[in-house]
Every structure is written in C-alpha cells, then in structure tokens.
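Here are my notes for a colleague who is opening this entry for the first time. Please keep the sequence and the 3D view at hand while reading.

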Amino acid sequence: MELIDVKTRIAYILREMIDEYLPESLELEVLKARLKNYLGSIRLLKTGIGGIVFQPIAQKQQPEEEQVQLDSEEPPFFQQAKFISKLNDILENIYVDPSTTIATIAFEIAMSERQFFRKVKSSVNMTPSKYLRLYRLEKSKSILKDGYNIQHAAFQVGFSSQSHFSKCFRAQFGCSPKDYKNA
C-alpha cells in the first residue's frame, strides 16, 4: 500500500510542477544546499535552457513500468526544449543564406513574427536576430577549426561581410577569429 502512495505523491508533485518536496524534519545545512542547487538550476534555465540551445534534443525512453502517466500537457520546459529543437532544425537548413530574415524563419516555423519573437525571447532570453547571429557564430567555430580561412568561414555561415563577422565573433567570444583559429 505504501508503494502506491509514494507513486501517487510523485505523480502529484510532477503534475503540479512542484520543484522540491521538503520533509518536516530537515536540517538547516540540507535546506541551504537544496536552495543553492535550485537557484543554480533556475539560472541555467534562464541562460539558454541548460545548454540545449544549439544541440538537438535526444528523447530518452524510460522502461514502461517507470513511466508515470500525467495529464496530456507537457511541462513548460519540455515545450520550450521542443521549440528550440525545431528552431535549430530549421536554422540548420537556412542559416547559410545571408538573406535569411526573422520573417523567413517565422514563416518556416509557422508563426507570426510577433509570436515568434515572443517565443524565442521567453525561451532563450535573447531576440531572434541575436539567436540567429549566435547560431551562425557557433557554426563558424567548427569551420575555423577545420582550417578554413576567415573569409570562407564568414560566407559559409551567412555573413555578407568579413569585417562584420570578425566584429561579431570578437564581441561574442572575446577573441578574433584568427586567434581562435590559431589556438
């Protein structure tokens, strides 16, 4: 009977989006550690959903007996993660084109520009144009490491000007593309 009660409690906690369950008898040091970990998790989520921004999301399946059936709604984090994954898939196909605009991306993702702007801003805490620029800059890092010159890398990732690319690269990563390539 107690095992069912624990499963019911876990399902309730997950369904109600409760982040922590604290028993009545809790030491102060344990409470401080949990609070520190929780605040760290929030910080990670606010700065780009914990490192998944430029990576596809791997769906991990749990064994059938461990799956807990909740409401059909997914928690907001998973909705944001799916949105970012879909956005990354779209960007992967169109980031090379220098004429790619936010309107183009919004059309590809089947959203209005305004709705797209809000969704990106709430998901990754940056504007869609900054996200596109950062996506391009991240892609350029691998091109530079493969030994291609700066001009080639700039044009391969959709920048129409090498000087603008270098300026953005330095602002984002704190070093010039040449220094990054030679490091």
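The numbered points below go from the overall fold to single contacts.

1. The model is a predicted one, and the points that follow should be read with that in mind. The protein chain holds 9 helices and 0 strands, so its elements, read from the N terminus on, run α-α-α-α-α-α-α-α-α.

2. On the chain as a whole, 25% of the 183 residues count as buried, and the exposed area comes to about 13000 Å², of which carbon and sulfur atoms supply 53%. Among contacts with a separation of 6 or more, 59% are made by residues 24 or more positions apart.

3. Helix α6 (residues 128–145) deserves a check of its length: at 1.5 Å a residue, its 18 residues should span 26 Å, and because the end C-alpha atoms are 26 Å apart, the two values agree. The buried residues of α6 include the aromatic Y131 and Y135, together with L132, L134, L137, I143 and L144; R136 and S140 are also on the list of buried residues. Just after α6, G147 takes a positive phi of about 100°.

4. Which residues pair by charge within one helix? In helix α6, K141 forms a salt bridge with E138, with the closest N and O atoms 3.7 Å apart, and the two residues, being 3 residues apart in that helix, are separated by about one helical turn. E138 counts as partly exposed, at 30% relative accessibility. In helix α2 (residues 28–46), K32 and E29 are likewise 3 residues apart and separated by about one helical turn, and K32 forms a salt bridge with E29 in which the closest N and O atoms are 4.0 Å apart. K32 is partly exposed, with a relative accessible area of 48%, whereas E29, with a relative accessible area of 54%, is exposed.

5. The count of salt bridges comes to 3, and one of them joins two helices. The side chains of E92 and K139 meet at 2.7 Å, N to O; because E92 lies in helix α3 (residues 76–94) and K139 in helix α6, this pair ties together parts that are 47 residues apart in sequence. E92 counts as partly exposed at 37% relative accessibility, and K139 is partly exposed as well, with a relative accessible area of 25%.

6. A search of the whole structure finds 6 aromatic pairs. One of them is formed by F165 and F169, whose rings are tilted, at 5.7 Å centre to centre and with 50° between the planes. Both residues lie in helix α8 (residues 162–173), where F165 and F169 are 4 residues apart, about one turn of the helix, and both F165 and F169 are buried.

7. Which residues do the ring pairs link into a cluster? The cluster consists of F159, F165, F169, F173 and Y180, and therefore takes in both members of the tilted pair described above. Y180 also has a charged neighbour, for the charged end of K145 sits over the ring of Y180, 4.8 Å from its centre. K145 is itself a residue of helix α6, which covers residues 128–145.

8. A further contact between a charge and a ring is found elsewhere: K119 lies over the face of F83, at 5.4 Å from the ring centre.

Notes
Residues are numbered from 1 along each chain as its sequence is written. This is a predicted model: local features need pLDDT of at least 70, side-chain atom pairs count only at pLDDT 80 or more; totals for chains, interfaces and linings use all residues. Side-chain values use heavy atoms; hydrogens and water are left out. Rings of Phe, Tyr and Trp (its six-membered ring) pair if their centres lie within 6.5 Å; planes under 30 degrees apart count as stacked, over 60 as edge-to-face and the rest as tilted. Buried means under 20% relative accessible area, exposed over 50%, partly exposed in between (1.4 Å probe, protein chains only). A charge sits over a ring if NZ of Lys or CZ of Arg is within 6 Å of the ring centre and within 35 degrees of the ring normal. The expected span of a helix is 1.5 Å times one less than its number of residues. Contact means heavy atoms within 4.5 Å. Accessible areas come from the Shrake-Rupley method with a 1.4 Å probe; for residues, only the protein chains shown count as cover.
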